[in-house]
Amino acid sequence: MIPYGRQDINEADLEAVRQVLLSDFLTQGPQVPAFEAAVRNYCSAQYAFAMNSATSALHVACMAMGLKEGGLLWTSPVSFVASSNCALYCGAEVDFVDVDAATYNMSADALRQKLEAAKAAGKLPDIVVPVHLCGQSCDMRAIHELSKQYGFKVIEDASHAIGAKYLGKPVGSCEYSDITIFSFHPVKIVTSAEGGMLMTNDAKIAERVELLRSHGITRNPELMQSESEGPWYYEQIDLGYNYRMTELQGALGLSQMSRLDAFVARRHEIKTTYDAALAALPVQIPYQDTDAHSSLHLYVVRLDLDRCKHSHRETFELLRKKGIGVNLHYMPIYRQPYYKQFGFSKDDFPNAEHYYKEAISLPMFPTLTAADQQAVIDALAEVTTR
Ligand SMILES: *Cc1c(COP(=O)(O)O)cnc(C)c1O
């Protein structure tokens with residue numbers, strides 16, 4: 001099966017991990033800070049905090065911005081469940097903003113309308129989490145404007161989007177947000193096996209995040225509430241978690257960072273080939289916003305079902321049978337059984353529903369060979385054309 005995504009591991013990655021195993025530190029050593037520095041520099045951000053997953057980083061981000069019971073977070077329904085679960089961890093409520101029909105990202109217009117209604121009803125969100133689906137930035141300028149007008153915080157879920165740009169600046173610079181989150185799961189752009197990173201330019205947020213990712217413990221005398229009682233002394237001053245990244249992961253991530261631009265460039269080559277080959281098929285190729293340079297985590301096509309030979313589901317099954325590991329990113333989160341208890345109505349998210357009935361993610365990863373890509377194209381042509 002040709003997967004929809006997979007990691008690229010080279011000799012340098014192997015050697016980096018091997019060296020850590022032979023060193024004094026398997027955790028809390030120099031590799032994670034070096035990885036953080038590499039991502040911070042790449043993104044031109046002030047602070048970077050590596051964690052054991054993007055999910056953990058989203059949780060810490062919400063806590064650091066004070067989300068708690070009675071609070072409210074809005075995100076995109078077309079995302080991985082972690083984008084909204086972070087609010088539930090904090091005991092807060094979740095709601096969704098429908099996606100744009102062209103980009104499948106949170107629609108800034110839908111957000112504006114929902115904010116107007118929420119203001120009238122007296123229930124504005126505390127945090128909005130735009131998700132840069134497939135690696136293409138949301139309309140952050142518009143979302144940032146709305147955040148000033150309506151007084152909410154912005155966490156960019158850029159799990160798909162390290163290496164992407166928005167208005168010429170790297171995603172992760174936090175130019176239009178309070179916090180940006182990256183994921184380093186193996187299907188993402190660069191990997192640390194499991195791992196995530198939280199970017200911010202705000203010193204106060206950074207101080208909270210550093211505490212929360214490691215038990216709420218500090219060794220900084222300026223933060224301590226009492227005098228030191230000796231060289232062993234540290235204080236737990238908040239309730240945090242163990243969300244630390246290991247040195248093995250840090251070394252792998254750092255080694256991968258040197259190939260980030262090459263990974264993204266290779267993904268664009270693959271896209272160019274797909275775009276040309278699929279133009280004649282009854283599918284819609286991904287729209288690219290001119291404000292954004294996508295990292296192309298995913299290549300999602302929409303089936304033009306009126307012109308396709310088979311249904312969405314049949315097309316999926318036939319491609320899988322032919323060894324093409326197509327996938328669907330994502331079933332709208334409000335459709336998940338766990339989310340049924342919150343009483344969302346599909347009718348409130350027409351664009352997300354429409355997307356869900358037509359979308360297919362084709363294989364997209366840097367080591368996809370020309371022959372395998374051609375096999376994907378041929379299989380899609382055979383399955384879709386009458
Ligand atoms: C992968 C992903 C996450 C979670 O990342 P982990 O590092 O696996 O926790 C969150 N949001 C989105 C949009 C993702 O794709």
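Two strands count as paired here if DSSP finds at least two bridges between them. On that basis, this predicted model holds an open sheet of seven strands with mixed pairing. The strand order is S1-S9-S8-S5-S4-S2-S3. A ligand is also present, with 15 residues around it.

**Sheet layout**

- S1 (47-51) and S3 stand at the edges of the sheet. Each has a single partner strand, so one side of each is left without a neighbour in the sheet.
- Neighbouring strands of the sheet are turned by 20° against each other on average, with direction ignored.
- At the S1 edge, the pairing with S9 (residues 196-200) is antiparallel and spans five bridges. Within it, Tyr47 of S1 stands opposite Thr200 in S9.

**Strand S2 and its two partners**

- S2 covers residues 72-75. In the strand order, S2 sits between S4 and S3.
- S2 and S3 (residues 93-96) run parallel and are joined by four bridges.
- On the other side, S2 pairs with S4 (residues 127-129), again in the parallel sense, over three bridges.
- Thr75 takes part in both pairings: its bridge partner in S3 is Phe96, and in S4 it stands opposite Val129.

**Burial of S2**

- Both faces of S2 are covered.
- Leu72 and Trp74 are buried on one side. Leu73 and Thr75 are buried on the other.
- Thr75 therefore combines a buried position, under 20% relative accessible area, with bridge partners in S3 and S4.

**Helices around S2**

- Helix H4 (residues 82-89) links into a β-α-β unit with S2 and S3. The unit is right-handed.
- Helix H5 (residues 108-121) lies across S2, S3 and S4. H5 runs at about 155° to S2.

**Ligand surroundings**

- The closest of the 15 surrounding residues are Thr55, Asp157, His160, Ser183 and Lys188.
- Two of these closest residues, His160 and Ser183, approach ligand oxygen with side-chain atoms.
- For His160, an N or O atom of the side chain is 2.7 Å from an oxygen atom of the ligand.
- For Ser183, the corresponding distance from a side-chain N or O atom to a ligand oxygen is 2.8 Å.
- Ala54 contributes through its backbone: one of its polar backbone atoms is 2.9 Å from an oxygen atom of the ligand.

Conventions:
Residues are numbered from 1 along each chain as its sequence is written. This is a predicted model: local features need pLDDT of at least 70, side-chain atom pairs count only at pLDDT 80 or more; totals for chains, interfaces and linings use all residues. Side-chain values use heavy atoms; hydrogens and water are left out. Buried means under 20% relative accessible area, exposed over 50%, partly exposed in between (1.4 Å probe, protein chains only). Helices (H or I, at least four residues) and strands (E, at least two) are DSSP runs, numbered from the N terminus. A crossover is right-handed if, with the strands pointing away from the viewer, the path from the first strand over the helix to the second runs clockwise. Axes are lines fitted to C-alpha atoms, for helices over the stretch in contact, and angles run from 0 to 180 degrees between N-to-C directions. Contact means heavy atoms within 4.5 Å. A residue is near a molecule or strand if one of its heavy atoms lies within 4 Å of it. A polar contact is a pair of N or O atoms within 3.5 Å; within protein, one must be able to donate a hydrogen and the other to accept it, and residues adjacent in sequence count only if both atoms are side-chain atoms.
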